[in-house]
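Here's a quick briefing on the model below. Have the viewer open while you go through the bullets.

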Amino acid sequence: DSPKTMDRVNNLAVSYWYQGDFARVEPLFARILDFSRRTYGAEHPRTAFAMTNLAIVMHRLGRLDEERPLLEQALAINRAAYGEEHEQTLRSKVSLGVFLNDTGEHEEAARLFAELIEVQERVRGAYHPSAIEGRILLSVSLVALDRLEEAEALLREVVESRRRVMGADNQETLDALAELVGVLVALDRIEEARPLVEELVERR
């Protein structure tokens, strides 16, 4: 195998990916990961990237027991290579956190997302899109944990941030507003939810 051969393997895998044929993608991405380990080393960021790609395929195939160790290893490699504040490390945290939410491990997901928000706000600022997205991800964990008041506070921050950055009529702002309405209804605070529902109807 050579880098040029791996480029061809990757191109073939991508073509199968767009066809939705993940059963064919999996052995090709596994081959790329094996090449990366042998060529660059088990702790190299390129290897972490190959692990993340294979993990996504495992998720699509429903092989979650094989997905998790790949995501955990990728995060560990990126932490060691880049540190906690690097974009690749933050992306690895998001990938693992979403996996944990999907598998019902909401406490661990919430811990990861809280770490993520702290770094993003410190490095990029509270109104950066990645910081806003981090709050949304954490709110999903908090709702699942029935920590609705905390989720409400986060979603209010998200709505305010998106109104300021994207505008009140932006679809992402309206999506966050709808999530906030759902939490208020779950808290049985219907009167507070009502004007927000009216705003949603008006703006949509």
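Helices here are DSSP runs (H or I, at least four residues) and strands are E runs of at least two, both numbered from the N terminus. With that in hand, Thr-47 sits in helix 3, which covers residues 45-60. This is a predicted model, so some filters apply: local features need pLDDT of at least 70, side-chain atom pairs count only at pLDDT 80 or more, and totals for chains, interfaces and linings use all residues. Residues are numbered from 1 along each chain as its sequence is written, and side-chain values use heavy atoms, with hydrogens and water left out.

**Overall picture**

- The chain has 10 helices and zero strands, and its pattern along the sequence reads α-α-α-α-α-α-α-α-α-α.
- Along the principal axes, the C-alpha atoms fill a box of roughly 65 × 35 × 30 Å.
- Of the 204 residues, 40% count as buried; buried means under 20% relative accessible area, exposed means over 50%, and partly exposed is in between (1.4 Å probe, protein chains only).
- Take contacts (heavy atoms within 4.5 Å): among those between residues at least 6 apart in sequence, 49% join residues at least 24 apart.
- The accessible surface comes to about 10,800 Å², and 51% of that belongs to carbon and sulfur atoms. Those areas come from the Shrake-Rupley method with a 1.4 Å probe, and for residues only the protein chains shown count as cover.

**Helix 2 up close**

- The 19 residues of helix 2 should span 27 Å at 1.5 Å a residue, and its end C-alpha atoms are 26 Å apart, which agrees. The expected span is 1.5 Å times one less than the number of residues.
- Its buried residues are Phe-22, Val-25, Glu-26, Leu-28, Phe-29, Ile-32, Leu-33, Phe-35 and Ser-36.
- As background for reading that list, an α-helix has 3.6 residues a turn, so residues three or four places apart point the same way.
- The buried residues of helix 2 pack against helix 1, helix 3 and helix 4.
- Right after helix 2 comes Gly-41, with a positive phi near 110 degrees.
- Back in helix 3, Thr-47 is buried, at a relative accessible area of 0%. Leaving out residues up to four places away in sequence, Thr-47 touches Leu-33, Ser-36, Arg-37, Gly-41 and Ala-42.

**Aromatic pairs**

- Rings of Phe, Tyr and Trp (its six-membered ring) pair if their centres lie within 6.5 Å; planes under 30 degrees apart count as stacked, over 60 as edge-to-face, and the rest as tilted. By that rule there are three aromatic pairs.
- One of them is Trp-17 with Phe-22: the ring centres are 5.2 Å apart and the planes sit at 75 degrees, so this pair is edge-to-face. Trp-17 is partly exposed at 25% relative accessibility, while Phe-22 is buried at 11%.
- Phe-35 and Tyr-40 are also edge-to-face, because their planes are at 85 degrees, with ring centres 6.3 Å apart. Phe-35 is buried at 7%, and Tyr-40 is partly exposed at 30%.
- Ring pairs tie Trp-17, Phe-22 and Phe-29 into a cluster.

**Nonpolar cores**

- In soluble globular proteins, nonpolar side chains tend to be buried together.
- A nonpolar core here is a set of buried Ala, Val, Leu, Ile, Met, Phe, Trp, Tyr and Cys residues joined through side-chain atoms within 4.5 Å.
- Which residues touch the most other members of the largest core? Out of its 39 residues, they are Val-25, Phe-29, Leu-70, Leu-96 and Leu-138.
- The elements giving two or more residues to this core are helix 1 (3-18), helix 2 (22-40), helix 3, helix 4 (64-82), helix 5, helix 6 (106-123), helix 7 (129-144) and helix 8 (148-165).
- A second, separate core has 17 residues, including Ile-136, Val-159, Leu-174 and Ala-176.
- Leu-96 touches Leu-71, Glu-72, Leu-75 and Leu-112, again skipping residues up to four places away in sequence.

**Two charged residues to click on**

- Glu-199 is in helix 10 (residues 190-203) and counts as buried at 16% relative accessibility.
- A polar contact of 2.8 Å joins the side chains of Glu-199 and Arg-163. Such a contact is a pair of N or O atoms within 3.5 Å; within protein, one must be able to donate a hydrogen and the other to accept it, and residues adjacent in sequence count only if both atoms are side-chain atoms.
- Beyond residues up to four places away in sequence, Glu-199 touches Arg-163 and Leu-177.
- Arg-91 lies in helix 5 (residues 87-102) and is partly exposed, at 48%.
- The C-alpha atoms of Arg-91 and Val-197 are separated by 33 Å, with their positions 106 residues apart along the chain.
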